[in-house]
Amino acid sequence: MAREASANGRPPATSSINFRQGKDSEIAIGLTFGLVLSHDGGKTWSWMCEDAIGYKGMYDPHYSYSTTGALFASTFVGLKAMRNGCTFDATAAGASFVSAETLGPDHAFYYAASDPGDASATPPTSPNFKIFRSADDGATFPMPSVPTATVTWWQTIVVAPSNPQIVYLSGYAYVPGPPDAGMVRQHLLFRSANAGATWAALSIADLTLMSNSTIDVVGVENDNPANVYIRVELDDNLLSDSIYRSTDSGTSWGRIDHKPTAIPGFVVRAAKNSLGNHDLVVATQSVGSEVSHDNGATWTALASPPHITCLTENAAGELWACTQNYGFNSAPSDDAGVMKTTDLAAWTKVLRYQDLTDAVTCAAGTPQQDSCVTQWCAVCAQLGCTPPASYSCPAISEAPVAMPPPKSGGGCCDAGSSGAGALALGLVIGTVVLRPRRRTAA
């Protein structure tokens, strides 16, 4: 449903960037080949594979990094949390599928369940489309709310930075259409004024929406919860996205930007500019990025930005972006999977896959140690990185050679592809043929 890179078997890419709430030096970055963690502001990184997190295949977990250091991750078998640096364990949220999650400024954790249930399972499972809130770091989720009885998928949930009582929620439902039309998508947009206890539907009359469109809540101004921003994906039903702004808590909307492609990155900057407004930054992978200093009335193109597929701002005012480590024909390499900037002019490389060196080391018997660490030699060889001697990896001549970036298009399974596509395939196959001769110490 989303158009971001995801899952193994596809080119290695960055899918999300998450800072620990209240401690920017602790960072969790979602990748199409697992997760990397940094405890020193991005100077060093350690890798965890999908097995340790608890998911497989073409999927990007949603992550939230709480003030206590708990890292929440959505999986196909429910919400999990890592509190010990090594294992993602089940939570009180149960096994329902989580489609959206977020942390509020009061540290409350929210998640939206989008689970149709399975009557054929043993025992049968019931549908669950409730909104849950925890005030104790995910230990309990009392009194979930039900915004509407008719929903198929919750898309996004966002809490206003200046007022934790204000929460915005988007999603959609498939409902019967006109005669002979079959099922059609009904777009949903809600606002809560009491921390998710009850919800009020918001008007979507001002939005251009098509049958394939989705609505994402992408930002709320740092000092005014009535000023909220949404992205309408596929507003031409095929390719284009638009950004809308509301100054009346979602009662009405005005379109402030439109692109003939996906807009995967949007940020309302926390600090005000010299005009007394919050800068707005729109970022794309293939048609550049731009900034508005006047609430979206006018836009200025950024000079030579990287090719961006996600964008977030940390508490220090740095913008961090998912960028192209290897690149492909329509998005050349940025030579980094994550880059950052403070002024939108100079971009610093933060994470290069070929500079990774370590997997997270855990106790024997954990999936991370028994599965992920034993894969690291193969993964590292495919990424083009050099692990420490302590891994006793085979000499590079024994390993498959990482291919150069592609010169033309081609998917991961295209026999004529190279570079990122071949690399993605190697990440799947290489884990079978390469093993360290001894594991790192637990």
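The legends below describe close-up views of salt bridges and of one sheet in a predicted model.

**View A. Asp216 and Arg231 form a salt bridge between two strands.** The side chains of Asp216 and Arg231 meet at a distance of 3.0 Å, taken from N to O. Asp216 belongs to strand 16, which covers residues 214-220, whereas Arg231 belongs to strand 17, which covers residues 228-233, and the pair, 15 residues apart, thereby links distant parts of the chain. Both Asp216 and Arg231 are buried. In general terms, side chains of opposite charge can pair when their charged atoms come close.

**View B. Strands 16, 17, 18 and 19 make up an open sheet.** The sheet has 4 strands in the order 16-17-18-19, and their pairing is antiparallel. Strand 16 and strand 19, the latter covering residues 254-259, stand at the edges with a single partner strand each, so one side of each is left without a neighbour in the sheet. From one strand to the next, the twist averages 25 degrees.

**View C. Strand 18 pairs with the edge strand 19.** Strand 18, made of residues 241-246, runs antiparallel to strand 19, and the two are paired over 5 bridges. Within this pairing, Ile243 has Asp257 of strand 19 as its bridge partner.

**View D. Asp257 and Lys259 meet in a salt bridge.** The side chains of Asp257 and Lys259 come together with an N to O distance of 3.0 Å. Asp257 has a relative accessible area of 8% and is therefore buried, the cut-off for this class being under 20%. Lys259, with a relative accessible area of 11%, is buried because its value also falls under 20%. Asp257 is the residue already shown in View C as the bridge partner of Ile243.

**View E. Asp355 and Arg352 meet in a salt bridge that belongs to a network.** The side chains of Asp355 and Arg352 form a salt bridge with an N to O distance of 2.9 Å. Asp355 has a relative accessible area of 47% and counts as partly exposed, and Arg352, at 23% relative accessibility, is likewise partly exposed. Both values place these residues in the class between buried, under 20%, and exposed, over 50%. Salt bridges link Asp335, Lys349, Arg352 and Asp355 in a network. Across the model as a whole, the count of salt bridges comes to 15, and the pairs shown here include Asp216 with Arg231, Asp257 with Lys259 and Asp355 with Arg352.

Notes:
Residues are numbered from 1 along each chain as its sequence is written. This is a predicted model: local features need pLDDT of at least 70, side-chain atom pairs count only at pLDDT 80 or more; totals for chains, interfaces and linings use all residues. Side-chain values use heavy atoms; hydrogens and water are left out. A salt bridge is a side-chain nitrogen of Lys or Arg within 4 Å of a carboxyl oxygen of Asp or Glu. Buried means under 20% relative accessible area, exposed over 50%, partly exposed in between (1.4 Å probe, protein chains only). Two strands pair if DSSP finds at least two bridges between them. Axes are lines fitted to C-alpha atoms, for helices over the stretch in contact, and angles run from 0 to 180 degrees between N-to-C directions.
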